[in-house]
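Open the model in your viewer and keep the selection panel at hand. The tour moves from helix to helix, then to single residues.

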Amino acid sequence: MRIKVLVIGDVMLDAYHYGRTDRISPEAPIPVFKQEKVEYFLGGAANLASNLSGLGCEVSLWCPYYDEQDMNYMIFNSLLKMKKISKIKTESFCNDFPIKHRFVDLRNKTQVGLRWDLEGNSFYNSLSNKDFKIDYFVETNAVIFSDYCKKTLDDKEFIRNIMDVCDENNINTFLDSRRDDLSLFYTEPGVIDYFKPNLKEYDKYIKQRKDILFPKILRTESESGMTLLEDNKNYDEPKIKFHIDATSEGIVDPTGAGDTALAAFVYGITAGINIYKSVEFSNYLSGISCSHKRTYSVNKNDVEEACKKLEIKL
């Protein structure tokens, strides 16, 4: 089954600089970093799209447009092409492409010594109804809002239009948001089908649930695993349906594991796998992601391993 997914949200580039700090600067008592190599990875909503592509999905990425001459944007586009991710061209434009630099001493490859983020108001712009086209939803099986609270998903009318189209066409909607106020994504009668918070984000939801209710919640709990909950207005609090313990023996690097978890869960639900097996699938693949250094996107071999281990037939 070919699954078509539309990912909407904040994008960025992750850069890992590897080098050595063998001496102290004569100008100040600080180490001098001598770079030997650099690696680039898709970040934010683009990492989610990368994981979906690795699962075999046909993925479209909906995000602001940037200056084609921006070097970071050129690297970003080349990575999208490598991952076979299509990009929707929008009217919303930004000048500078956001990038997060991480500096790693080669003597201790698992530890990031410094992170330097290049982002700000000029790096993000909100998508709006001028970017909206019904054609984007043709034959789409799932829509995901990947909200890093960077401005891309700030327009409620734009989100409402998307929710209405999904509601009318029975397209499953998924939300991963770091936003304090989740009312932006609560647009009755269309309601987000699945919400994926971590523990901190779940606490934010609980504080707002008298005004906002998401029917199904996949709560990721780091080394403790995942819990699926259901919620409606008749419940005093969300009800736990089941919990699955983490499969990874240890976390090497959790960067991007939440994107892997959501991508695998979306794939499972959309492919018609029952919800328990979909959570198992998500949990297993996010464990694989955590066992790798740096941002990691799952691939065909990871999927085959998970299906064999969990006895899932795709």
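Helices here are DSSP runs of H or I with at least four residues, numbered from the N terminus. The model is a predicted one.

**Stop 1: helix α5**

Select residues 257–270, helix α5. Check the length of the helix. At 1.5 Å a residue, the 14 residues of α5 should span 20 Å, and the end C-alpha atoms are 20 Å apart, so the two values agree. Now colour by accessibility. α5 is mostly covered, with 13 of its 14 residues buried. Step past the end of the helix to Gly272. Gly272 follows α5 and has a positive phi, near 90 degrees.

**Stop 2: α5 against α6**

Keep α5 and add residues 275–290, helix α6. How do α5 and α6 pack? Their angle is about 150 degrees, and their axes are 8 Å apart. Angles over 145 degrees count as roughly antiparallel, so α5 is roughly antiparallel to α6. The crossing is right-handed.

Show side chains at this contact. On the α5 side, pick Ala257, Thr260, Ala261, Ala264, Phe265, Tyr267, Gly268 and Ile269. They meet α6 residues Ile275, Ser278, Val279, Phe281, Ser282, Leu285, Ser286, Ser289 and Cys290. By class, this contact of α5 with α6 has 11 nonpolar residues, 6 polar and no charged.

**Stop 3: α6 against α7**

Hide α5 and add residues 300–310, helix α7. α6 and α7 pack at about 130 degrees, with axes 10 Å apart. That angle makes α6 oblique to α7. The crossing of α6 and α7 is right-handed.

Which residues of α6 meet α7? Select Lys277, Glu280, Phe281, Tyr284, Leu285 and Ile288. Their partners in α7 are Asp302, Val303, Glu305, Ala306, Cys307, Lys309 and Leu310. The contact of α6 with α7 has 8 nonpolar residues, no polar and 5 charged. Phe281 and Leu285 of α6 meet α7, and Phe281 and Leu285 also appear in the contact with α5.

**Stop 4: α1 against α5**

Bring α5 back and select residues 45–54, helix α1. α1 is mostly covered, with 9 of its 10 residues buried. The buried ones are Ala45, Ala46, Asn47, Leu48, Ala49, Ser50, Asn51, Leu52 and Ser53. Just after α1, look at Gly56, where phi is positive at about 100 degrees.

Now look at the packing. The angle between α1 and α5 is about 45 degrees, and the axes are 8 Å apart. α1 is therefore oblique to α5. α1 passes α5 in a right-handed crossing. Asn47, Leu48, Asn51 and Leu52 of α1 meet Asp259, Thr260, Leu262, Ala263 and Val266 of α5. By class, the contact of α1 with α5 has 5 nonpolar, 3 polar and 1 charged residues. Thr260 of α5 meets α1, and Thr260 is also part of the contact with α6.

**Stop 5: Tyr124**

Leave the helices. Tyr124 sits in the loop between β9 (112–118) and β10 (142–147). Is Tyr124 buried or exposed? Its relative accessibility is 3%, so Tyr124 counts as buried. Show its surroundings. Not counting residues up to four places away in sequence, Tyr124 touches Asp10, Val11, Met12, Tyr66, Cys94, Pro98, Glu119, Lys150, Lys151 and Thr152. Draw a distance to Phe93. The two residues are 31 apart along the chain, and their C-alpha atoms are separated by 8.1 Å.

**Stop 6: Lys37**

Go to strand β3, residues 31–44, and pick Lys37. At 43% relative accessibility, Lys37 counts as partly exposed. Leaving aside neighbours within four places in sequence, Lys37 is in contact with Tyr16, His17 and Tyr18. Between Lys37 and His17 the C-alpha distance is 6.1 Å, across 20 residues of sequence.

**Stop 7: two positive phi values**

Most residues other than glycine have a negative phi. Select Lys84, which is not a glycine but has a positive phi of about 60 degrees. Lys84 lies in the loop between α2 (71–82) and β6 (86–88). With a relative accessible area of 72%, Lys84 is exposed.

Finish at Cys149. Cys149 is not a glycine, yet has a positive phi of about 60 degrees. Cys149 lies in the loop between β10 and α3 (156–168). Cys149 is partly exposed, with a relative accessible area of 39%.

How values were computed. Residues numbered from 1 in each chain as written. Predicted model: local features only at pLDDT ≥ 70, side-chain atom pairs only at ≥ 80, totals over all residues. Heavy atoms only, no water. Axes fitted to C-alpha atoms, helices over the stretch in contact; angles between N-to-C directions. Parallel < 35°, antiparallel > 145°, perpendicular 65-115°, else oblique. Left-handed = near helix turned anticlockwise from the far one by under 90°. Contact = heavy atoms within 4.5 Å. Nonpolar A, V, L, I, M, F, W, Y, C, P; charged D, E, K, R; others polar. Expected span 1.5 Å × (residues − 1). Buried < 20%, exposed > 50% of the residue type's maximum accessible area, 1.4 Å probe, protein only.
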